[in-house]
Structure formats: structure tokens, C-alpha cells
Amino acid sequence: MVKARVTYNDNHLKALYSLTKRPYVIKKLIPKILWTAVSLAAGIFFLRYAIILHSSSGYIWIALAFTFAALYIRDIIKLLCDDKGTNKLPPYRYSTEITFGGQVFETFKNAENFTVHMTFPYDAINKAVETMNYFFIFVEAKKAFIIHKSELTEGSVPELEHFLASVFGKRFIDKRSVRI
């Protein structure tokens with residue numbers, strides 16, 4: 001039997017996913033970098049044009065091109081800095097204890113004025129996923145209990161891995177290469 005405290009709940013799934021959003025950020029960076037390059041090239045072209053022709057009317061286009069480039073550079077900096085510290089997960093408000101073992105998956109939620117006991121048969125649980133630091137127990141497609149590996153109160157990580165692999169079979173997904 002393994003017992004653990006729930007670290008986060010399903011409301012934290014999106015925030016936890018955003019900690020791994022590097023490909024998403026890179027996908028958004030490419031067009032911004034291209035538009036920055038185009039804006040800078042246009043600004044340099046207009047500046048060269050204004051210098052060659054000794055024209056003061058080209059300066060408005062120069063200013064406009066460099067303004068767009070500056071705005072895109074600001075967006076790029078914001079995208080690169082967004083990941084750092086803004087996605088810290090708040091702690092789960094209620095104390096929830098999960099028990100693995102027996103025929104059902106049990107949860108006990110203790111709040112200020114009440115205690116909730118829920119059971120889920122293992123065959124009714126959608127899947128279990130293990131990452132480098134967490135176990136995700138998906139009771140539905142988008143509802144999960146998230147358990148940090150350090151939050152096991154009884155038993156060990158290898159014991160829980162073995163138990164989940166034996167109970168869930170193909171529904172147990174090993175994603176230990178994912179760095180969350």
C-alpha cells in the first residue's frame with residue numbers, strides 16, 4: 001500500500017503544462033523574428049534612400065520601420081522572459097491524501113469544516129502518467145490528481161511505479177524524460 005499527498009489538482013494542469021511550452025514559444029518567436037528583420041531591413045533601405053537623395057520626406061518611413069522593429073523586439077523579449085517565474089503554481093488549498101492499494105483508488109480531502117472520501121475503481125480511471133518529478137492520475141480526460149514524488153507519505157517511488165504499471169497496464173504511460 002502506498003499513500004501520498006496531492007500536490008496539485010486538475011486546475012493546475014494547464015499551468016504545469018505551460019512549464020514545458022518551449023516548442024510553443026519557439027513557434028511564436030519565428031514570425032516575430034522575421035517581421036523584426038523585415039522592419040529593420042525596410043528602415044535601413046529608407047535611411048539609405050533618404051541619404052542618397054538628400055530627402056527629408058523619407059525620414060517618416062524610417063521612423064515607422066524602426067518603430068515596428070522596436071515593437072517586435074519588445075514582443076520577443078516578453079516571450080523569452082514570460083516563462084521565468086510567472087508560472088509558479090500555488091499550493092493546493094486542501095489536504096488530500098491518496099491511498100493506492102486494494103481494489104479501488106481512494107482519496108480523503110480534509111478542509112476546514114468537512115472531510116470528503118471518494119473511491120475510484122482502477123478500471124474507471126482514464127490513465128496514469130509518470131514524469132521525472134510527478135505522477136498524474138487522470139480520473140477523466142482533463143481531470144487529474146497530481147502527486148509530486150517527494151509527497152509520498154507511505155511506500156516508495158519504485159513501489160508506486162510497479163503498482164501503477166501492474167494495475168493500469170497499457171494505460172500507465174512512462175514519460176520520465178519530460179522534465180516536469
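Begin at the hairpin that connects β6 to β7 through two residues. The model on display is a predicted one. Select residues 134–140 for strand β6 and residues 143–148 for strand β7; the two strands run antiparallel and are joined by six bridges. Within this pairing, display Phe135, which stands opposite Ile147 of β7.

Keep Phe135 selected and add Lys149, which lies over the face of the Phe135 ring, 5.3 Å from the ring centre. A second contact of this kind can be shown by selecting Lys127 and Phe138: the charged end of Lys127 sits over the Phe138 ring, at 5.1 Å from its centre.

Turn next to the aromatic rings, for which a search of the whole structure finds eight pairs. Select Phe105 and Phe120, whose ring centres are 5.8 Å apart; their planes meet at 40 degrees, so the pair is tilted. Phe105 belongs to strand β3 (residues 104–110) and Phe120 to strand β4 (residues 115–121), so this pair ties together parts 15 residues apart in sequence. Phe105 counts as buried because its relative accessibility is 0%, the cut-off being under 20%.

Retain Phe120 and add Phe145. These two rings form an edge-to-face pair, with 6.1 Å from centre to centre and 65 degrees between the planes. Since Phe120 lies in β4 and Phe145 in β7, the pair ties together parts that are 25 residues apart in sequence. Phe145, at 12% relative accessibility, also counts as buried.

To finish, add Phe100 to the selection: Phe100, Phe105, Phe120 and Phe145 form one aromatic cluster.

Methods: Residues are numbered from 1 along each chain as its sequence is written. This is a predicted model: local features need pLDDT of at least 70, side-chain atom pairs count only at pLDDT 80 or more; totals for chains, interfaces and linings use all residues. Side-chain values use heavy atoms; hydrogens and water are left out. Two strands pair if DSSP finds at least two bridges between them. Helices (H or I, at least four residues) and strands (E, at least two) are DSSP runs, numbered from the N terminus. Rings of Phe, Tyr and Trp (its six-membered ring) pair if their centres lie within 6.5 Å; planes under 30 degrees apart count as stacked, over 60 as edge-to-face and the rest as tilted. Buried means under 20% relative accessible area, exposed over 50%, partly exposed in between (1.4 Å probe, protein chains only). A charge sits over a ring if NZ of Lys or CZ of Arg is within 6 Å of the ring centre and within 35 degrees of the ring normal.
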